[in-house]
Structure formats: C-alpha cells, structure tokens
Amino acid sequence: MVQIENLVKRYGDVIALDHFNLQVREGEIFGLLGPNGSGKTTAIGCMLALLKFDRGSVRIMGEEMAPDNYRVKRQIGVVMQDVAVFEELSVYDNIDYFCGLYVSDRKRRRELVEDAIRFVGLEDYRKTYPKKLSGGLLRRLNIACGIAHRPKLIILDEPTVAVDPQSRNRILEGICELNRQGSTIVYTSHYMEEVEQICTRITIMDHGRSIASGTKEELKRMIKTGETISVETGMAEERLMNRLGSLPPVFDVKYEEGMLVVRCTRSEGSLVSILKILQEENIPFGRVYSEPPTLNDVFLEITGKALRD
Amino acid sequence: MTVFKAYMKITKKNIWLIVMYLAIFYGLTIMFQQFTATDGLSDYRAESVPVGIVDRDGGAAAEGLIDYLGRSNRIVLVEDDTESLQEHLFYRDVEYIVRIPENFMERCILGSGTLDVTAVPDTYAGYYIGQQISSYINFASVYAAAGFTEKEIAKAMETREEAEVVLHDFSGNGGDAPGYTYYFRYLPFLLLSVICYVLGYILLAFHRGKLRDRMRASAVSAHRQNLEGMAAAGVISLALWAVCILTSALIYGKSFLESPGLYYYLLNSFALLVVSLAVAWLIGMVVKDSNALSGIVNVVGLGMCFLCGVFVEQDLLGSAVRRAAQFFPVYWYEYVNNLLTESGKVLENVRAEIFRGIGIQFLFAAALVCVTMVIVKRKAV
C-alpha cells in the first residue's frame, strides 16, 4: 500500500529524514512511533507530497506519489496533527466541505457525512461551531473530516494529542473499526501504549531514521530485556545490589525513589530468586511488580534514552 | 464547487457586518449631502459686511461714498468716540470702521490724503471694503479731473451701473451637485471596508493553521481551488456593487439614470471594485488573525478615504497631501468623480482625463496583484 525507500529530507543543515524506509501492507494498522522531533510528521508530509524531499521515493498504491497525483490522493484520508477545520463552518458543514473535496455527488455525500457524524458520535453537534466544542470533540470532528469519503488509506498524525482518556479510547476504537471496514491505517504517535494497543506492525523512528520495524512481539524479541521486576523498598545497600547483579538473568539493577528496578533476560524463576535474596538480606519490601518488556524498553535499549525523554 | 460554496457560507456568516457597513454608508451619504448642499447659480450676491461710518465731512462726496458702500454692505453710523468705536469692533457690530475726514473732497479725491480706517485684524472684510473705497476714490478722482463738481461726482457714482456677474453652468445642473455625486463620492468607504473585511476574513479562514496543507492533500487541485475562490470573490464583489448601483438608481431615479455621465460613473466604480478586490487579496494574504484584520481594514479604508478626497474634498486638501494621495488608487477614483461632477456633459478633453484616471486605477490593481503574488510565492517556498 505504501512503500518509502531511502527518503532524505533536509531543512538547511538539519536532516529531518535520513534514508528513511517504510513499507505498509494493505489492511494493516501501521504504527509510526517516535519521540517529538523524530521525523514522523515530516515523513507524513513527504508521503502526501506536501513536502519536497531531497532523495528517495514514495509509492502509494503502486503509483509514484506526486503533488498532482489526484487519483491516489482521492483514495487517501488525512487527519492532521493540528486540528484543521473551519471555525466559521458548523460541524456538518465542515465534514461536508472536506468530503466534497473528494465526492462531488450531493446525495452520496449527504449519506457519507451522516455516516461520519454517527461514526465519531457528533450527532448532537451537527449545527455547533468548532469554537464551542471541547478538545476531545474537536479531535473527533478532525477525524470525521478526514475519513468521511471512505478512503482506502487513512493517515492519522498524532490524532489523540491533548485528548481526555474517554475521547482517546473512543478514537482508538474508531480507528480499529475503520480498519475492520477495510481501510489501511498509518498511525503516528509518541504514545507507545496507543501504538501497542492498536497497531499490527510498528516502525520506531529516531533522528529521521527507522531504527526498528516489525510486530510488537518481534520488536520486543529484538532486545535483551525479558522481564522488568520492580520492588518497593525503603533501602538498597551496595551489597544487595551486587548480589542481585550477580544473578545470571539480571543485567541491570537500579534503585530510584524507593523503587528497586531489576531488568532480566528471558528466563524462568527470576522473581523468586530476587525475593529470596531480599529475605536473606533482611530487606523489608512492599509491592512487587513484574512487567513484560514494553516498546519503551525497545527504544531505551536501542537508543540509550527513554521514549519520553 | 466545494470551495466556492464555502466562500459563500462564510460570507453569509458575515451578512450582518455587511448590513452594518451599508447602513453607515447610507447614513454618511445622506448626512453629508444635507451639510454640503449648495444654493446654486441663481442665488449669487456680493458679500455684505457691516461697516461703521464716522462722517466728519458731511459733504456730497462723503455722502456718495456712504451710498456707494451701502449698495453691497450694511452701513452703521457710529459716534465719533474712540471707546465706543472699540466696543463696536469688539462685539462685532461692525467689522470695518471708516472715518471720513473734514474736507474729504480736497484731501482725498483731489489730493493724495487717505481715509482713517480700522478693521478687525486678519479678516477678509478689511481687504474687501478697502478695495471698494479705493475704487470709489479712483473713479471720483477721474470725474474731478474731468471738471465734475462734488455733487456731480456723487450723482455720477450713484448712477454708475454695477458690473453684471454671469456664472457659466459647466456642469449643466445649475450649480447644484446632484445627490448621486455624493453617493459615488463616499462609495470607496463602503467598497473598501466591506470587500477587504469579508474577503480578508475568508482568506484568513482558508489559511488558518494547517488548513492549507489539508486542502493541498485533497483530491481537488490547487489550481481549481484558486479558480473557485476567485469566482466566489468575484460574485460576492459584483453582488455588492450591483446592490450599490441599484440602490443609487432607486434613490436618485431619473436624475441618475439619465445622467450624461452614467456609464462613466459605472465604469469608475467598477474600477474601484477591482482595486478593492486587489487590496483585499493582499490584506488576506498578509494578516494573521481577525483582530489584526479589522485594524488593518480600518486603517486602509478610513486612511485612504481621508487622504484621497472622500471625506474631505480634494480641493480642500493641501498640495503636499494631494501629491502623496496620488500614490493611492482612491485619489484617482475621486479625481474622475470630481471631473464628472464638474463637467456634467462629458466633452472630448474631459473624456481623455476620465479614462486616464480609470486606467491608473486598473494599473494600481495590477500592481497590487503582482505584489501579492510575490508574497504568496515567498510563503510557499
């Protein structure tokens, strides 16, 4: 569906995309994950032919993407990171306007607009102007404007930024529903939980490069971390840290703000061994957590920094 | 026609603003029309000034002078007392005091003596009455040289015919400027304000945030979007212009529709419409928010109106202001308007001037479009 090869985009001396590669298959929800400034929005801009790039190629639905390739553009729905709607038009008129940029038949458009309104749950706000909508409702309107014409490919650039949890869940459920209805989704975000929750395949970006790609399981298998065990305790002496570090599956031990964090490779019995050492050292402890690796761990291990740094 | 329809919907949202500007425009036109209405050609008469006279001579020549001045001024015989004379001048009972000395004939008409006069400083009356006295003494001296006696001089001056004043009616409307000339004079205020505000508001909406990118990502080409936008702007402007012309026809009826300058008024106001569109496009591309838009529209609209002869007649503007105003299109609109008001029947030499003025307006519009295109290009890079 989307094929990007060796894409290079420079802003003066700054390299926004550095030989960036991407392949999105038909029918999947593809996640583009990376911290702010990693090049996600620039990649989307190049994909939509909004930005000129210095090198590389972008092919969508088998065709070279260009500013005047309206045949391909007709099949694409775009939801911008910043809400892009007319403050001067009502909810209905906004959706009708953007749908009208793709569908000229008035009767068909009326049906599509009504479907989009129902889909994002804005039935009670048809005549409301955007200024009177809350942040969450505004985001939903932004999505409705992008998907009303039922595109084959939907590109959503951080659609949940500054949205309350309730609206966020509704948006994420909506994206899955669009995918079930047959649309291929490209979803960019810096929220790893969202990407983990809905995406079938993921590319992690940093400094304009694709640093890892695959399903979430594949990505997690790429790293050493198999389990992160956190123990709530008031003290952690050097002797304890050394003993924990000497356990075979443990490769990193940290004590931060009353929490002992032990990272282990994939192996059984790590939790039992750690708790046994704590008992032997007479260290009192409270709650204990054992977590499988997250995409943040993937990012942390590959780049040496956390996704939210 | 999605973009076209969006322009119309946003315009509809501003309909009350348009109505408000129309109301201000009609109010202003009617008000100024009332204030500046003239008396016309038939009512010409010389200026009358209250003149105080102290006659110390009492002879026939002095009487003759008093009668002569009394023909076009109001004569007040005052006491020969300095304090009383000062009081008369202070309270403006008189604006000019003439003291006719004893032996007026010998001293002033046959001799070279002058009259003792007092006038309110820096007034036109002083110069005006002084001219009349000089005229009387000059004529009287000529008669005296011809051997006329004092009585004969007074009689001759009394029977002298007044110069007849004939005013030529170049405009063909008897000196009265027809009502529609005021209407067209104030038209720039309406067209500039409404078109700049409404179109500026629409362009602002279309360039807000990421909307431009969102539109570029759509299936409608930028070329088509621009064409639809231009068509909508054209329709909105033409509709406003048509409302103005129709209203003028309704208010002034035959006097407007049968005016010899009708087509020139239409062409001139159409040129102004094109200029307003060009100004609106420039403003819409430069302005970032609606507060700034309303400020800039006021500065541009009112500024040009004050500077170029809309609210203050061009004849009353200082020469430096007029020179500066020539760099604004509204000046040329008013220039053509004034030519049409003054000339009434459009003669060959005036027609050339009218077309020059209209042509300059179109050139201004073209220049503004070029400047805006450069700005648009720079923004796109």
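# Exercises on a predicted two-chain model

Of the 381 residues of chain B, 34% count as buried. The model is predicted.

## Exercise 1: Compare the chains

Task: State how many helices and strands chain B has, and do likewise for chain A.

Solution.
- Step 1. Begin with chain B. It has 15 helices and 4 strands.
- Step 2. Turn to chain A. It has 11 helices and 14 strands.
- Step 3. Add burial. Chain A has 309 residues, and 42% of them count as buried.
- Step 4. Look at contacts between residues at least 6 apart in sequence. In chain B, 77% of these join residues at least 24 apart. In chain A, the share is 68%.

## Exercise 2: Place Leu192(B)

Task: Decide whether Leu192(B) is buried or exposed.

Solution.
- Step 1. Locate the residue. Leu192(B) sits in helix 8 of chain B.
- Step 2. Count its surroundings. There are 27 other C-beta atoms within 10 Å of Leu192(B).
- Step 3. Apply the cut-off. A residue with 20 or more such atoms is buried. Leu192(B) is therefore buried.
- Step 4. List its partners, setting aside neighbours within four places in sequence. They are Ser276(B), Val279(B), Val300(B), Gly301(B) and Met304(B).
- Step 5. Take one partner, Val300(B). In sequence, Leu192(B) and Val300(B) are 108 residues apart. In space, their C-alpha atoms are 8.1 Å apart.

## Exercise 3: Pack helix 8 against helix 11

Task: Describe how helix 8 of chain B meets helix 11 of chain B, and sort the contact residues by class.

Solution.
- Step 1. Find the geometry. Helix 11 of chain B covers residues 262–286. Its axis lies 8 Å from that of helix 8 of chain B, and the packing angle is about 30 degrees.
- Step 2. Give the hand. The crossing of these two helices, 8 and 11 of chain B, is right-handed.
- Step 3. Pick out residues. Helix 8 of chain B contributes several, including Leu191(B), Leu192(B) and Ile195(B). Helix 11 of chain B contributes others, among them Ser276(B), Val279(B) and Trp281(B).
- Step 4. Sort them. The contact of helix 8 with helix 11 of chain B has 19 nonpolar and 4 polar residues, and no charged ones.

## Exercise 4: Find the direction of helix 14

Task: Work out how helix 14 of chain B is oriented relative to helix 8 of chain B.

Solution.
- Step 1. Get the numbers. Helix 8 (residues 179–206) and helix 14 (residues 329–343) of chain B have axes that come within 9 Å and cross at roughly 175 degrees.
- Step 2. Use the cut-off. Angles over 145 degrees count as roughly antiparallel. Helices 8 and 14 of chain B are therefore roughly antiparallel to each other.
- Step 3. Name the residues. Thr181(B), Phe184(B), Arg185(B) and Pro188(B) of helix 8 of chain B meet Val330(B), Tyr333(B), Glu334(B), Asn337(B) and Thr341(B) of helix 14 of chain B.
- Step 4. Sort them. This contact of helix 8 with helix 14 of chain B has 4 nonpolar, 3 polar and 2 charged residues.

## Exercise 5: Examine the interface

Task: Say which helix of chain B gives the largest share of the side that touches chain A.

Solution.
- Step 1. Count both sides. Chain B gives 17 residues and chain A gives 19 residues.
- Step 2. Name the helices. Helix 1 (2–13) and helix 9 (211–216) of chain B each supply at least two residues to the chain B side.
- Step 3. Choose. Helix 1 of chain B gives the largest share, 5 residues.
- Step 4. Sort the chain B side. It has 7 nonpolar, 4 polar and 6 charged residues.
- Step 5. Note the predictor's scores for the complex. The ipTM is 0.76 and the pTM is 0.69.

How values were computed. Residues numbered from 1 in each chain as written. Chains lettered and ligands numbered in written order. Predicted model: local features only at pLDDT ≥ 70, side-chain atom pairs only at ≥ 80, totals over all residues. Contact = placed C-beta atoms within 7 Å. Nonpolar A, V, L, I, M, F, W, Y, C, P; charged D, E, K, R; others polar. Axes fitted to C-alpha atoms, helices over the stretch in contact; angles between N-to-C directions. Parallel < 35°, antiparallel > 145°, perpendicular 65-115°, else oblique. Buried ≥ 20, exposed ≤ 12 C-beta atoms within 10 Å, placed from the backbone. Left-handed = near helix turned anticlockwise from the far one by under 90°.
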